[in-house]
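Here are some exercises to work through with the model open beside you. Try each task before you read its solution.

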Amino acid sequence: MDYRNRYVNGKGRYIDDIVFDNMLYMSVYRSQYGRAKISNVTGGLNANDFNAYYKSSSGEMASLGAKDNKNVYLEHVFATDYVNYQGQPIAAVFGKTRYESEDLLNEVKVDYTPLKAISSIDEALNGEPVHTGTENNILASHELGKDFNENDIDYDIALEDEFFNERIVPNPMETRGCIAYYKDNMLYFYVSTQSVQSVKTGLIESLKLKGDSVVVIQADTGGAFGVKGSFYPEYVMAAYASMKYKKPVKWIETRTEHLMAAYPGRGAKAKIKIYAKNNGKITGVKGEVYVDAGAYDAGTGSFASRFIAFQLTGPYNIENAYVKAISLVTNKAPMGPYRGAGRPEAAFFMERMIDLLADKLKMDIADVRLINASEKPFKSPLGLEIKEATRPFLENALKEVNYREVSKKEKAGIAFFVLIPASRPGESARVIINHGKIKVYLGGNVHGQGHEIFVKNILENELKIRRDFITLENGDTTMIEKGVGSWGSRSAIAGGSALLYVAREIKNEVIKKYGEYSPEKLLSGNFDKYKFIEIDYSVNSINFNMITSSMDKNGEITVDKWYSYYDLGNVLSEMNVRAQIIGGAIEGIGQVFSESLRYSEGQLMTQSIADAGILPANHIPEYHIKWIENPSEAPNGAKGLGEAPTIGTPVALVRSIELNTAIRIRKTPIEFNNSILLE
Amino acid sequence: MMVNIDVNGKEYKKDIEPRMLLVSFLRDELNLTGTHIGCDTSNCGACTVLMDGKSIKSCTVLAVQANNHKITTIESDDPKLDVIKQAYVDENGLQCGFCTPGMIMQTFYILENNENADEEYIKKNLRGNLCRCTGYKSILDSIKKAEEKMKGEISVSK
Ligand code: FES
Ligand code: FES
């Protein structure tokens, strides 16, 4: 059955829908303080029973090239001497029902001495170190590009500004959850995830298990947006408890826990200085990029600042660039990816400077972008490779959205940006044909993007078989030997290419066996093919958005029209494209108006999913979706998409809003106190 | 405590704890797992079901409060619900599917209560149902399509 038919009939099998006999329900006792010394813990399962670090060496940042970090910043599964964020796990309790397990939380007793918590990037820079044995709160620090003396470069005007994107926790509608089931010396681990492989690696590394004794199986996954690509202490606890109590153990996160302890993204700040000529040409960029990495090196925090800095100059060919990238320890949950994961931050910082420059020089925002776009491929001083001329693309984009006309009548903001998918190191696919049915497995696990649609398109095209014979199965480590994950706008490129390869191989096998290919011959036989396609190059794409908005007399802003001109490479499914675009756009709109996690003195002020600013159905602009298909060098010619709307939307929208309010916007979510007027 | 709750036309007599929420009753006691839990602050609407035809959030109602009432869930085989479900499939009104049962039950309520629900009315009545995947446009399209189909069928049967 099509996954959509299952879901509309309430027949999804999400992690909380799976029940085993004699199952225990796990609840987690979490720190109520942002920072405290623990002198004693009694009750439940705690660090006195099980004292270990958790980590996974595979995950989204690994697929972008991050390396392991230092031990002093690793988090224990159960807190030992200190807690460093509100929501940090200290103990776990197990009941026969979820009600019983929640009651048991009352039996845990912790003696704390609260300490002063570090709640922001500025406090981290200036405050005492969070971790004993460290000298400051710098988790990672890098310099990108080459430092330059401003006297040595050619410029007429220098501008400086500061920007901030507040933390956002992904908040998929289904929270995190897992069931660990240890039986016959095997650990079966069911989980809502973007990558069964990275969960498996994490369990093996954290519990020191043998690879062939762990099987990870994906349940239907109710959204993820980055948060289910990370590896978490709760997984280790559930697995450990199942081994200890010899029973299946289920953990389902509450939304309150999600807000406190799931890994949030964004949380990035930048100070940028640009040097430009009076014609708008930027000759130099200097910057400092900081991320709020949270209390431990667990998610993406150590790598995230560098990833933002690396792509700061975007599609613009700027001769001199030098950026310091610093990841800071704070008393908050460790940082992880949220859809975009550094890309929206980089574009926000740079594009805001370009708009500022346009205002100062009284130039049109499109013209400043045009003069800085490139006539030929180039490599930025920060290391970003752009394989095509960006100026012709921008010229076309402006024409296609009719920018010159629209911007005369409406408050139009634009965004011009690069999407860097996490295409490396490639991905796997397996196709099994048996009894006339076709089952597909992908190494990156679908979590609500509707990959089944593009999977069916590929196989229908290549093998001329009927769609209803095909199913995309959930992730399962016994079915796919090696896999990466579904994140970083990589699924169509990497997973799609692997599937195409396998489909062609199968076709060849049919020909070898029967002398010719026909769908009937294929379906009458048994075939089983697996392939990991290596991709060791970047598949960057250039993209453009325009957004218009208006303001009523109460100061209420309405997002009116949303335009895109994206380069998607070969499109595998138009339906998937539209769904990804519109779904991503509202997340970008949410970032601008409301989405955030807010802390004060180590205490989380954001109390509910409504408070976290997830938008309801009242923000639906008119969509004008356009794209072009310049094939990429990936085997199937695809480019990235999923994150593009989360990059372009905030950039274009804040510009449109500031044209309405005449107040310069430097922060998301937007705030109008401390106003600097637009000149 | 003994309760007697009619769910999708079938009566269930069960002895339950007084504190049990209706959503737990449906999911854990009856194994009707189509009704989901998305939050613990009654904000998300993933748990939406109908009680005597009115939409409620089953995470804010105790099972005992549903005693002697009629509950309709996504598992109901009401033909009108089938029209709505098909419209969601046709218009791709779902992605991960987690909000979907709640959305569909809320749609059912909206269309049963207003034959001429326009876009503003629909949006207003969807405020309690959050979706993180779709950006709501395809959901709105699904609801409008279901509305058209229902109207068509009503005029045919007249
Ligand atoms: S579960 Fe969120 S409103 Fe009921
Ligand atoms: S379809 Fe995923 S939350 Fe609505």
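**Exercise 1: a six-stranded sheet**

In this predicted model, A:Glu160 has A:Lys273 as its bridge partner in β13(A). Work out the sheet around this pair, going from the strand pairing to the strand order and then to the edges.

Solution.

- Step 1. Start with the strands that hold the pair. Strand β8 (residues 157–168) and strand β13 (residues 265–276) of chain A run antiparallel and are joined by 11 bridges.
- Step 2. Check the register further along. A:Asn165 is bridged to A:Ala268 in β13(A).
- Step 3. Look at what else β8(A) pairs with. β28(A) runs parallel to β8(A), and two bridges join them. On that side, A:Phe164 stands opposite A:Lys667 in β28(A).
- Step 4. Put the strands in order. The sheet is open and has six strands, β7-β15-β14-β13-β8-β28 (chain A), with mixed pairing.
- Step 5. Find the edges. β7 (138–145) and β28 (667–668) of chain A each have a single partner strand, so one side of each has no neighbour in the sheet.

**Exercise 2: a helix with company**

Is helix α7 (residues 301–310) of chain A enclosed by the rest of the structure or left open, and why? Name what it packs against.

Solution.

- Step 1. Go through the helix residue by residue. The buried ones include A:Phe303, A:Phe307, A:Ile308 and A:Phe310, and also A:Arg306.
- Step 2. Take the tally. It is 10 of the 10 residues, so α7(A) is largely enclosed by the rest of the structure.
- Step 3. List the neighbours. The buried residues of α7(A) pack against β7, β13, β14 (282–294), β15 (320–329) and α8 (343–361) of chain A. Three of those names should ring a bell from Exercise 1: β7, β14 and β15 sit in the order β7-β15-β14-β13-β8-β28 (chain A).

**Exercise 3: the second sheet and its helices**

Which strands of chain A are at the edges of the sheet β18-β23-β24-β27? Then place the helices that lie on those strands.

Solution.

- Step 1. Read the order. Four strands, β18-β23-β24-β27 (chain A), make an open sheet with mixed pairing.
- Step 2. Pick out the edges. β18 (411–419) and β27 (622–628) of chain A each pair on one side only, which makes them the edge strands. From one strand to the next, the twist averages 15°.
- Step 3. Zoom in on one pairing. Nine bridges link β18(A) to strand β23 (residues 541–551) of chain A in the antiparallel sense, and A:Lys411 is partnered with A:Ser549 in β23(A).
- Step 4. Add the first helix. Helix α10 (residues 391–400) of chain A packs on this sheet and touches β18, β23, β24 (557–567) and β27 of chain A, at about 35° to the direction of β23(A).
- Step 5. Add the second. α15(A) lies across β24 and β27 of chain A and runs at about 125° to β27(A).

**Exercise 4: two helices crossing**

At what angle do helix α4 (residues 196–207) and helix α5 (residues 233–245) of chain A pack, and which residues make the contact?

Solution.

- Step 1. Get the geometry. The angle is about 65°, and the axes of α4(A) and α5(A) are 10 Å apart.
- Step 2. Assign the hand. The crossing of α4(A) and α5(A) is right-handed.
- Step 3. Name the residues. α4(A) brings A:Val199, A:Gly202, A:Leu203, A:Ser206 and A:Leu207, while α5(A) brings A:Tyr235, A:Val236, A:Ala239 and A:Tyr240.

**Exercise 5: an exposed glutamate**

Is A:Glu375 buried or exposed, and why?

Solution.

- Step 1. Locate it. A:Glu375 is in the loop between α9 (365–372) and β16 (378–379) of chain A.
- Step 2. Count neighbours. A:Glu375 has 10 other C-beta atoms within 10 Å, and the cut-off for exposed is 12 or fewer, so A:Glu375 is exposed.
- Step 3. See what it meets. Leaving out residues up to four places away in sequence, A:Glu375 touches A:Ala389 and A:Arg391. A:Thr390 is 15 residues from A:Glu375 in sequence, yet the two C-alpha atoms are 6.5 Å apart.

**Exercise 6: the chain and its partner**

Does the radius of gyration of chain A agree with a compact globule or disagree, and which helix gives the largest share of the side touching chain B?

Solution.

- Step 1. Compare sizes. For 679 residues, a compact globule would have a radius of gyration near 26 Å; chain A has 25 Å, which agrees.
- Step 2. Turn to the interface. The contact takes 41 residues from chain A and 39 residues from chain B.
- Step 3. Find the helices. α1 (3–8), α6 (255–261) and α15 (574–593) of chain A each supply at least two residues of that side. The largest share, six residues, comes from α15(A).
- Step 4. Check the confidence. The predictor gives the complex an ipTM of 0.97 and a pTM of 0.96.

Note on methods: Residues are numbered from 1 along each chain as its sequence is written. Chains are lettered from A and ligands numbered from 1 in the order in which they are written. This is a predicted model: local features need pLDDT of at least 70, side-chain atom pairs count only at pLDDT 80 or more; totals for chains, interfaces and linings use all residues. Two strands pair if DSSP finds at least two bridges between them. A residue is buried if 20 or more other C-beta atoms lie within 10 Å of its own, exposed if 12 or fewer, and partly exposed in between; C-beta atoms are placed from the backbone. Two residues are in contact if their C-beta atoms, placed from the backbone, lie within 7 Å. The radius of gyration is taken over C-alpha atoms; the globule rule is 2.2 Å times the number of residues to the power 0.38. Axes are lines fitted to C-alpha atoms, for helices over the stretch in contact, and angles run from 0 to 180 degrees between N-to-C directions. A crossing is left-handed if the near helix is turned anticlockwise from the far one by less than a right angle, and right-handed if clockwise.
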